[in-house]
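This report looks at a nonpolar core, a contact between two chains and two unusual backbone angles. Please keep the structure in view while reading.

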Amino acid sequence: MVEQTIFPGAEAAELVKAYKQRHLRRIGLVIGAAMVLSCLVVLDVITGPANLSFARTFQVILDPSIASPKEQVIIWKLRLPVALMAVTVGAMLGVAGAEMQTILNNPLADPFTLGLSSAASFGAALAIVLGWSVVPGVGGLFVTANAFALAMITSCLLFLFTRLRGVTPEAMILVGIAMLFTFNALLAFLQYGASELQLAQLIFWQLGSLARASWGKVGVCFAVLAVVLPYFMSRSWALTALRMGEEKAAALGVNVSLLRMSVLAGVSLLSAVAVSFVGAVAFVGLVGPHIARMIVGEDQRGFLPLSALCGALIMSGTSIASKAITPGIVYPIGMITSLIGIPFFILLILGQRKRHWQ
Amino acid sequence: MSGLQAQGLGFSYGPKTVLQDAGFHSLRPGHLTALIGPNAAGKSTLFRLIAGLSRPTSGGITLEGCDLANLTNRARLKRICFMPQFFAANAALSVFDVVMMAHKQLRGWRVSDADMQTVGQALSQAGIGHLAQAYVSDLSGGQSQMVSVAQALIRESDVYLFDEPTSALDLRHQLEVLTRIKQAMRARQAIGIVALHDLNLAARFADHLILLGQGRIVAEGPPETVLRSKAISEIYGVDVEITTGPREDLLVHAYAS
């Protein structure tokens, strides 16, 4: 005690300096990741037949007025919606996964832990196999609308159960698993009765595809992100506190149940929109947040933006790879995401362990 | 009416009664009270009731004449700082950040230079400056406990509740932490309650003892009186002998009866 209080001011100043450096490093990392992401978007746009150059494409994206008619069609009509869809869906899944892991206090949670993707697949199957539309009057979008409606109904059921049973992670996960198996069974029923053509269509839907992207859908994704992300940021203090344990967060004045419910609502919205637009891409929401955590830790000020960026980076990389592996063929993204993310993920795990051992 | 008072507190988890008719007389500002009692006597529950994290089924608590039940949860947790029992979070959060979090309680994340100075000084004074950049998931049990105490002491409250703040600490750190708590209570004129299992530490540091057994407050008063009372042997189920140590302090010896 005595030797430590001789220069408390000096040590405190050191600590403050180190803290500020950490903060700057965190900002630097987020800016760096955002810059890499914008390069990937441009790369995504030039990948494919048409021989676009990087610099020219970048200029056309920044200033649409200089585009030639051909560039106008290829860049603005065809490729940019897909590239931006990859970015927004990736960010949505990254954010949803990060907060799901936080509120369930479980590193294995992802946006679809609570059965949302099975529900969405079941909704899509209802549309594809039986031709049913859950939401009337949506026209050609009824597969998407069904998937979204079923995912949202599932999360409402989940809310109902947690109201009866208390908002604990255990109850939420168990009810979620029950949902997952229920919808998988229902889906199997529909698959059993489906024709070969319908089955092929259904499997293609489940494998996921960015080809269904449009400016309208990109707009919806941006809008949802623009609502949910600021809300999560505003709760970042409470979410960080929750990571220290429920009791401790409560002692600091966090209303833990309310926080869990409101964040779950946000996560449900994000993942329902993502899954209904591009199919069940599970890996991104699990690994994106883990990569962010290994880089900046779990302070939500860095964790949340970086989870979004990591998710977006993985999806953007996936989009590029799905076109580049065999020229002329666009592979379903569900098949590619794991192949893109896992090598990087394993590298990080290995690097992390080394640091702990030293 | 000054100080912290409780009357007729009752609480049960389902059919299991944890506290009944528990009450204590006014605890005075600047004093440190030790809450002692065997396992499952209701110590943590009593803390949760005072902090407002659970609602009592009967009875009430007043602080300086004001009924705590009339305060909102938020206002209550500003006046009463509760450090829950052992904290072993596996979060990738740095020690500096978690202490900052406690300091910024409910005021969001906008951190000023003054906030950083305060946290830096608190860590330095708590003797955990060298851990500032470490993740709480990498700390040992004792280290996380010291962080917990630092988190509690950085807050400015009228009442501080520490649930076993020294259970994972070595001898030297036990003495240091309790000394720091006691000094802080005196300097801030705050009411401090510490739940302790070690009766010798309770005898050494507390100005006042509360003995809890089977959900009731069995004895209350200066350490000398409570420790020499007959109740203590009965409640703990051991023979207790008190002697005076080499520095005029009370020593508690327990023998299996």
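Leaving aside its neighbours within four places in sequence, which residues is Ala150(B) in contact with? In this predicted model, the residues in contact with Ala150(B), once those sequence neighbours are set aside, are Val99(B), Ala122(B), Leu123(B), Ala126(B) and Ile128(B).

Ala150(B) also belongs to the largest nonpolar core, which has 191 residues and in which Val99(B), Ala150(B) and Leu161(B) touch the most other members. The most is given to this core by helix α3 (residues 69-104) of chain A, which contributes 19 residues. In soluble globular proteins, nonpolar side chains tend to be buried together.

Turning to the contact between the chains, chain A brings 29 residues to it and chain B brings 36 residues. On the side of chain B that touches chain A, at least two residues each come from α2 (73-79), α3 (95-103) and α4 (113-125) of chain B, and α4(B) gives the most, with seven residues. Sorted by class, that side of chain B has 20 nonpolar, 12 polar and four charged residues.

Two residues of chain B other than glycine have a positive phi, and the table sets them side by side.

| Residue | Phi | Loop in chain B |
|---|---|---|
| Glu164(B) | near 45° | between β7 (159-163) and α6 (171-188) |
| Gln214(B) | near 50° | between β9 (208-213) and β10 (216-221) |

Glu164(B) counts as partly exposed because it has 19 C-beta neighbours inside 10 Å, and Gln214(B) counts as partly exposed because it has 15 C-beta neighbours inside 10 Å.

Key
Residues are numbered from 1 along each chain as its sequence is written. Chains are lettered from A and ligands numbered from 1 in the order in which they are written. This is a predicted model: local features need pLDDT of at least 70, side-chain atom pairs count only at pLDDT 80 or more; totals for chains, interfaces and linings use all residues. A nonpolar core is a set of buried Ala, Val, Leu, Ile, Met, Phe, Trp, Tyr and Cys residues joined through C-beta atoms within 7 Å. A residue is buried if 20 or more other C-beta atoms lie within 10 Å of its own, exposed if 12 or fewer, and partly exposed in between; C-beta atoms are placed from the backbone. Helices (H or I, at least four residues) and strands (E, at least two) are DSSP runs, numbered from the N terminus. Two residues are in contact if their C-beta atoms, placed from the backbone, lie within 7 Å. Ala, Val, Leu, Ile, Met, Phe, Trp, Tyr, Cys and Pro count as nonpolar, Asp, Glu, Lys and Arg as charged, and the others, Gly among them, as polar.
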